[in-house]
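Hi everyone, thanks for coming. Please have the sequence and the structure open in front of you while I talk. I'd like to start with empty space and finish with one residue.

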Amino acid sequence: PMYVNLMLAAGGFGEDGDNRLTTRDSKLLEGFGGLFSIGAVLGPHHRLGARMQSFVRPTKKVALDPSSTAAPTDKWGAVSFAHLGPEYLYTSDLGIYGGASAGLGFAMSGRDVEDSDSDSNDHLEKASAGISGMLSLGYEWRASKWFAMNAEIFGGLYHGVDDNEISMNGGLFGLAMGVGF
C-alpha cells in the first residue's frame with residue numbers, strides 16, 4: 001500500500017540577515033506554495049516516503065548579486081524556496097499525525113530583465129543549495145479507505161551556501177491544506 005498527499009500552503013520564509021535575497025525592510029517574506037508527499041504505508045500508524053515542498057514570494061525588491069551585469073529594474077521577480085527529502089509520518093488512531101523530513105534545500109531569487117533584443121527573460125540573481133529539515137503536525141480526516149482531507153502546520157530550517165561561497169540560513173513555517181489518496 002502507498003499514500004499520496006497534495007496540499008496548497010501559505011506561510012512565511014525568514015531571510016538570512018547577512019545574506020539577503022531581497023532589499024525589503026522586513027526579513028520575513030509572506031508567500032504561498034505547494035506540498036507533495038508520496039510513499040509507502042508500513043502499518044496502521046507508520047508511513048515512509050518523500051516530501052517535496054515549495055514556497056514562492058513575488059516581489060519587485062530582489063537583491064542584486066554583486067557580480068550581476070544586469071541593470072537595476074522595477075520589474076517583478078520572486079524569491080523561491082524548495083525542500084526535497086525523505087519523510088517519516090506517524091498517524092494516531094484519531095487522525096492526528098506528526099512528521100519529520102530532512103533533505104536538500106534550495107533558496108533563490110530572480111527577476112525579469114530585458115536583454116539587448118528587448119526580450120523579457122528571467123534572470124537568476126542569487127541561489128544557494130544546502131540542507132533543510134521540516135517538521136509537521138496535522139490532522140487527516142479519512143472519508144474512505146481511498147480518500148482523505150488533510151490540514152497541517154509545518155516549520156523548518158535551511159542552511160546553504162551561495163554562488164560566492166557565503167553561507168545562507170533561513171526558516172520556513174506555515175499552514176497547508178489538501179487531499180490525500
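The largest cavity holds about 40 Å³ of space. Please keep in mind that this is a predicted model. Which residues line the largest cavity? They are Ala9, Ala10, Gly11, Gly31, Phe32, Gly33, Gln53, Ser54, Phe55, Phe154 and Leu172. If you look for the strands behind that lining, strand 1 (2–14), strand 2 (28–41) and strand 3 (46–59) each give at least two residues. By type, the lining has six nonpolar residues, five polar ones and no charged ones.

How many cavities of 30 Å³ or more are there? The count is two. The second largest has a volume of about 30 Å³, and its lining includes Asn5, Met7, Arg51 and Glu152. Strand 1 turns up here again, and both strand 1 and strand 4 (77–91) supply at least two of the lining residues. This lining splits into three nonpolar, three polar and three charged residues.

Now for our single residue, serine 128, which you'll find in strand 6 (residues 120–144). Is serine 128 buried or exposed? Its relative accessibility is 4%, so serine 128 counts as buried, because the cut-off for buried is under 20%. Leaving out residues up to four places away in sequence, serine 128 touches several others, among them Gly105, Phe106, Val161 and Met168. Tyr158 is also one of those neighbours, and a polar contact of 2.5 Å links the side chains of serine 128 and tyrosine 158.

Definitions and conventions
Residues are numbered from 1 along each chain as its sequence is written. This is a predicted model: local features need pLDDT of at least 70, side-chain atom pairs count only at pLDDT 80 or more; totals for chains, interfaces and linings use all residues. Side-chain values use heavy atoms; hydrogens and water are left out. Helices (H or I, at least four residues) and strands (E, at least two) are DSSP runs, numbered from the N terminus. Buried means under 20% relative accessible area, exposed over 50%, partly exposed in between (1.4 Å probe, protein chains only). A polar contact is a pair of N or O atoms within 3.5 Å; within protein, one must be able to donate a hydrogen and the other to accept it, and residues adjacent in sequence count only if both atoms are side-chain atoms. Contact means heavy atoms within 4.5 Å. On a 1 Å grid over the protein atoms alone, a cavity is a set of points where a 1.4 Å probe fits but cannot get out, and a pocket is an open set with protein on both sides within 12 Å along at least five of seven lines; lining residues have an atom within 4 Å of a point. Grid points are joined across faces, edges and corners, and a volume is the space filled by probe spheres set on the points. Ala, Val, Leu, Ile, Met, Phe, Trp, Tyr, Cys and Pro count as nonpolar, Asp, Glu, Lys and Arg as charged, and the others, Gly among them, as polar.
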